[in-house]
Amino acid sequence: WVTQLGKNFVHVVLPFRQLYEDNLCFQKMAQVPGSQQFNHHLRIYQKEDLNKEVLKFMKLAYQEEK
């Protein structure tokens, strides 16, 4: 989900059932207290920031929500 619209960025949070520490795209990752959900935060500044790694995680988050 989108949590913030800045002048030059969009802040997005992707929820997962596990922590994905081995990545280059998330600036923050944290477990939601009392749950098995891990929120992964990223900021998109330019369209080039939507690279293959980010798109892979977006698709994975979408599939987990089904």
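Let's start with one pair of residues: Leu 5 has Val 10 as its bridge partner in strand E2. Keep in mind that this is a predicted model. The pair belongs to a wider link, since 3 bridges join strand E1 (residues 2-5) to E2 in an antiparallel arrangement. With 4 residues between them, E1 and E2 form a hairpin.

**The sheet**

Now let's look at the other strands. E2 is also joined to strand E4 (residues 38-44), this time by 7 bridges, and these two strands run antiparallel. Within that pairing, Val 13 stands opposite His 41 of E4. E4 in turn is joined to E3 by 4 bridges, again antiparallel. There, Gln 31 finds its bridge partner in Phe 38 of E4.

The table below gathers the pairings.

| Strand pair | Bridges | Direction |
|---|---|---|
| E1 and E2 | 3 bridges | antiparallel |
| E2 and E4 | 7 bridges | antiparallel |
| E3 and E4 | 4 bridges | antiparallel |

In what order do the 4 strands of the open sheet lie? The order is E1-E2-E4-E3, with antiparallel pairing. E1 and strand E3 (28-31) are at the edges and have a single partner strand each, so one side of each is left without a neighbour in the sheet. On average, neighbouring strands of this sheet are turned by 20° against each other, direction ignored. As a general point, strands of a sheet pair through backbone hydrogen bonds, either parallel or antiparallel.

**The helix and the core**

Next comes the helix. H1 lies across E2 and E4, and runs at about 50° to E2. Strand E2 (residues 10-16) is mostly covered, with 6 of its 7 residues buried.

Which residues make up the largest nonpolar core? This core has 11 residues in all: Val 12, Leu 14, Phe 16, Tyr 20, Cys 25, Phe 26, Leu 42, Ile 44, Val 54, Phe 57 and Ala 61. At least two residues of this core come from each of E2, E4 and H1. In soluble globular proteins, nonpolar side chains tend to be buried together. For a closer view, pick Val 54: leaving aside residues up to four places away in sequence, Val 54 touches Cys 25, Leu 42 and Asp 49.

**A charged residue under cover**

Glu 64 sits in helix H1 (residues 52-65). How far away is the nearest side chain of opposite charge? That side chain belongs to Arg 17 and is 4.1 Å away. A salt bridge needs a side-chain nitrogen of Lys or Arg within 4 Å of a carboxyl oxygen, and Glu 64 is buried yet has no salt bridge. Beyond residues up to four places away in sequence, Glu 64 touches Pro 15, Phe 16, Arg 17 and Tyr 20.

**Two residues with more open surroundings**

Thr 3 is part of strand E1. Thr 3 counts as partly exposed because its relative accessibility is 43%. Not counting residues up to four places away in sequence, Thr 3 touches His 11 and Val 13. Thr 3 and Leu 55 are 52 residues apart in sequence, and their C-alpha atoms are 18 Å apart in space.

Is Leu 24 buried or exposed? Leu 24 has a relative accessible area of 81%, so this residue is exposed. You can find Leu 24 in the loop between E2 and E3. Along the chain, Leu 24 and Leu 42 are 18 residues apart, and their C-alpha atoms are separated by 9.9 Å.

Definitions and conventions: Residues numbered from 1 in each chain as written. Predicted model: local features only at pLDDT ≥ 70, side-chain atom pairs only at ≥ 80, totals over all residues. Heavy atoms only, no water. Buried < 20%, exposed > 50% of the residue type's maximum accessible area, 1.4 Å probe, protein only. Pairing = 2+ DSSP bridges. Lys, Arg positive; Asp, Glu negative; His and termini not counted. Contact = heavy atoms within 4.5 Å. Core = buried A, V, L, I, M, F, W, Y, C linked by side-chain atoms within 4.5 Å. Axes fitted to C-alpha atoms, helices over the stretch in contact; angles between N-to-C directions.
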